[in-house]
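User: Could you take a close look at the metal site in this one and then tell me how the rest of the chain sits around it? Keep it relaxed, but give me the numbers.

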Amino acid sequence: MSCSKRKYNSENLAVEALIEARINFDTNSATTVYLCGDCGYWHLTSRGDTHPKLKAALDSGQIARQKLSNYWERKLR
Ligand SMILES: [Zn+2]
């Protein structure tokens with residue numbers, strides 16, 4: 001069975017994408033990742049509890065800092 005969602009080979013890659021999505025898209029609401037029973041790859045989802053690594057990135061201010069630096073990078077380009 002094939003999935004229309006973007007596929008990731010590992011949980012780590014999916015979590016990286018989860019954090020990047022939060023940095024780059026204000027409207028992104030994905031909160032965690034899951035191993036898909038249909039295709040066998042990892043997907044992002046907005047259902048379920050916030051992934052601990054995303055939560056840590058939010059709590060530590062990492063995401064806010066990255067957002068700010070992206071903002072200036074775009075502005076100065
Ligand atoms: Zn799938």
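**Zinc site and surroundings**

Analyst: I'll start at a tryptophan and work back to the metal: Trp72 is part of helix 3, which covers residues 62-76. Keep in mind that this is a predicted model. Trp72 counts as partly exposed, because its relative accessible area is 43%. It belongs to a nonpolar surface patch with Leu68, Tyr71 and Leu76, and together the four have about 470 Å² of accessible area.

Now the part you asked about. The zinc ion has four protein donors: SG of Cys3, SG of Cys36, SG of Cys39 and NE2 of His43. Their distances from the zinc ion run from 2.1 to 2.4 Å. The angles between the four donor atoms fall at 99 to 116 degrees, so the arrangement is tetrahedral. For reference, the ideal angle for four tetrahedral donors is 109.5 degrees.

Along the sequence, the donor residues follow the spacing C-x32-C-x2-C-x3-H. The long gap is where it gets interesting: Cys3 and Cys36 are 33 residues apart and link distant parts of the chain. Cys3 sits in the segment before helix 1 (11-24), while Cys36 is in the loop between strand 1 (32-35) and strand 2 (42-45). Both of these cysteines are buried.

As for the wider layout, the protein chain has three helices and two strands, and from the N terminus their order is α-β-β-α-α. The C-alpha atoms fit a box of roughly 45 × 25 × 20 Å along the principal axes. Out of 77 residues, 34% count as buried.

Then there's the interior. The largest nonpolar core has 14 residues, and those touching the most other members are Tyr8, Ala14, Leu18, Ile19, Val33, Leu44 and Ile63. Helix 1, strand 2 and helix 2 (52-59) each give two or more residues to this core, with helix 1 supplying the largest share, six residues. In general, nonpolar side chains in soluble globular proteins tend to be buried together.

Back on helix 3, Ala64 is another residue to look at. Ala64 is exposed, since its relative accessible area is 51%, and the cut-off for that class is over 50%. Its C-alpha lies 7.5 Å from that of Ile23, although the two residues are 41 apart in sequence.

Conventions. Residues are numbered from 1 along each chain as its sequence is written. This is a predicted model: local features need pLDDT of at least 70, side-chain atom pairs count only at pLDDT 80 or more; totals for chains, interfaces and linings use all residues. Side-chain values use heavy atoms; hydrogens and water are left out. Donors are N, O and S atoms within 2.8 Å of the metal (3.2 Å for Na, K and Ca); water is not among the atoms, so sites may look incomplete. Four donors count as tetrahedral if all angles lie between 85 and 135 degrees; four count as square planar and six as octahedral if opposite donors are over 155 degrees apart and all others between 65 and 115; anything else is irregular. Helices (H or I, at least four residues) and strands (E, at least two) are DSSP runs, numbered from the N terminus. Buried means under 20% relative accessible area, exposed over 50%, partly exposed in between (1.4 Å probe, protein chains only). Patches are made of residues with over 30% relative accessible area and no salt bridge: like charges are joined within 9 Å, nonpolar side chains (Val, Leu, Ile, Met, Phe, Trp, Tyr) within 5 Å. Accessible areas come from the Shrake-Rupley method with a 1.4 Å probe; for residues, only the protein chains shown count as cover. A salt bridge is a side-chain nitrogen of Lys or Arg within 4 Å of a carboxyl oxygen of Asp or Glu. A nonpolar core is a set of buried Ala, Val, Leu, Ile, Met, Phe, Trp, Tyr and Cys residues joined through side-chain atoms within 4.5 Å.
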